[in-house]
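This report describes the fold, the nonpolar cores and selected side-chain pairs of one protein chain. Please consult the sequence and the three-dimensional structure shown below while reading.

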Amino acid sequence: MQGIIDWIVRLMEILGAPGVGIAILLENLFPPIPSEVVLPLAGFTIAQGSLNMVSTFIWATAGSVVGAFILYGLGAWLGAARLRKIADWMWLVEAQDVTKALNWFDKYGSASVFFGRLIPGVRSLISIPAGIDRMNLFKFGLWTLLGSGIWNALLIYLGYILGDQYTKVEGYVNQYSNVIYALILIILVAVLIYLIVRHNKRKNAPDFPADTGDWEQVPER
C-alpha cells in the first residue's frame, strides 16, 4: 500500500489535480488502487495548499466517469447473447436467468448505478451490467456522475479536515464496506440456495415444466 501512496504522491507532484483524475480512472479499472486511499490523500494535499479543492474534485469525478464508461463498453461488448451462452454452460444457471436479471435492471438500473457508485468493490463493477443491458448512455452518465460526485466529495473532504490523519478514512470505509459485503454475501447465499432447490426439483421431476422466463420483455441486445 505504501508503494501505491508513493506513486500517487509523485503523480500529484508532477501533474497536480489531473494526476488525481488519472489515479481515479485507474482505480476504476484496477481495484488494487483504492479510492479510499487516493482521495483522502488528495484532500490532505489540498489542506497543505498544494492542490485546489474545486479542480481536484472535477478531475477526480471526470476520472470516475471515464473509467465507468470504459467498463460500460466492456459490458456492451460482452452483451446479453454471449452472457446467455455462458449461463447455459454454467451449473445451476440458465439463459432465462440472464433475461430476468436484465428485466430487473431495466426497472431498477438507474438506482443500481447511483447507489452502486457509493459501494466500494461494487462502484466499478456496476458499470458492466449497465453495459450488458445497453442502458441509455445519458442516463448512465448522469447517475454515474451524481454517485461518483458524492463519493469523491466526501472522501476528499474527509482527507482535508483530518489533515495528516487522512489514513483514518480508509479504516472508516473498510468498516462501512464490511457491513455492505455481509449483506451482499447473505443475498448471494440466498440466491444460491434458490438455484440449488430449483435444480433439484427439476432433476427429481422430469415432467416438471421448465421456467422459460419472460423473453419478450427485454429485446435481444
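Tyrosine 72 and phenylalanine 140 are both buried, a term that here denotes under 20% relative accessible area, with exposed being over 50% and partly exposed in between (1.4 Å probe, protein chains only). The model is a predicted one, in which local features need pLDDT of at least 70 and side-chain atom pairs count only at pLDDT 80 or more, while totals for chains, interfaces and linings use all residues. Residues are numbered from 1 along each chain as its sequence is written, and side-chain values use heavy atoms, with hydrogens and water left out.

**Aromatic pairs**

The structure contains six aromatic pairs. Rings of Phe, Tyr and Trp (its six-membered ring) pair if their centres lie within 6.5 Å; planes under 30 degrees apart count as stacked, over 60 as edge-to-face and the rest as tilted. Two of the pairs are listed here.

| Pair | Centre to centre | Angle between planes | Class |
|---|---|---|---|
| Phenylalanine 44 and tyrosine 166 | 5.3 Å | 15° | stacked |
| Tyrosine 72 and phenylalanine 140 | 4.8 Å | 40° | tilted |

Phenylalanine 44, in helix α3, and tyrosine 166, in the loop between α7 and α8, are 122 residues apart, and their pair links distant parts of the chain. Both of these residues, phenylalanine 44 and tyrosine 166, are buried. Because the planes of tyrosine 72 and phenylalanine 140 stand at 40°, their pair is classed as tilted. This pair also links distant parts of the chain, with tyrosine 72 in helix α4 and phenylalanine 140 in helix α7, 68 residues apart. Phe69 joins Tyr72 and Phe140 in one aromatic cluster.

**Overall fold**

The protein chain has eight helices and zero strands, where helices (H or I, at least four residues) and strands (E, at least two) are DSSP runs numbered from the N terminus. Of its 221 residues, 42% count as buried. Contact means heavy atoms within 4.5 Å. Among contacts between residues at least 6 apart in sequence, 74% join residues at least 24 apart. The chain exposes about 12,200 Å², of which carbon and sulfur atoms supply 70%; accessible areas come from the Shrake-Rupley method with a 1.4 Å probe, and for residues only the protein chains shown count as cover.

**Nonpolar cores**

A nonpolar core is a set of buried Ala, Val, Leu, Ile, Met, Phe, Trp, Tyr and Cys residues joined through side-chain atoms within 4.5 Å. In the largest core, which has 25 residues, Met12, Val20, Val38, Leu39 and Leu41 touch the most other members. Helices α1 (2–15), α2 (17–29), α3 (35–47), α7 (137–162) and α8 (168–204) each contribute at least two residues to this core, and α3 gives the most, with seven. Leaving aside neighbours within four places in sequence, leucine 39 is in contact with Val20, Ile24, Ala60, Trp151, Asn152, Leu155 and Ile156.

Apart from the largest core lies another of eight residues, among them Tyr72, Phe105, Ala130 and Met135. Phenylalanine 105 lies in helix α5 and is buried, with a relative accessible area of 7%. Beyond four places in sequence, phenylalanine 105 touches Ser112, Val113, Ile126, Pro129, Ala130, Asp133 and Met135. The C-alpha atoms of phenylalanine 105 and proline 129 are 8.1 Å apart, although the two residues are 24 apart in sequence.

**Buried polar and charged residues**

A search of the whole structure finds one salt bridge, defined as a side-chain nitrogen of Lys or Arg within 4 Å of a carboxyl oxygen of Asp or Glu. It is formed by the side chains of arginine 123 and glutamate 27 (3.0 Å, N to O). Arginine 123 lies in the loop between α5 (95–116) and α6 (127–132) and glutamate 27 in helix α2, 96 residues away, so that the pair links distant parts of the chain. Both arginine 123 and glutamate 27 are buried.

Serine 148, in helix α7, counts as buried because its relative accessibility is 0%. Leaving aside neighbours within four places in sequence, serine 148 is in contact with Ser64 and Arg117. The C-alpha atoms of serine 148 and arginine 117 are separated by 5.7 Å, with their positions 31 residues apart along the chain counted as separation.
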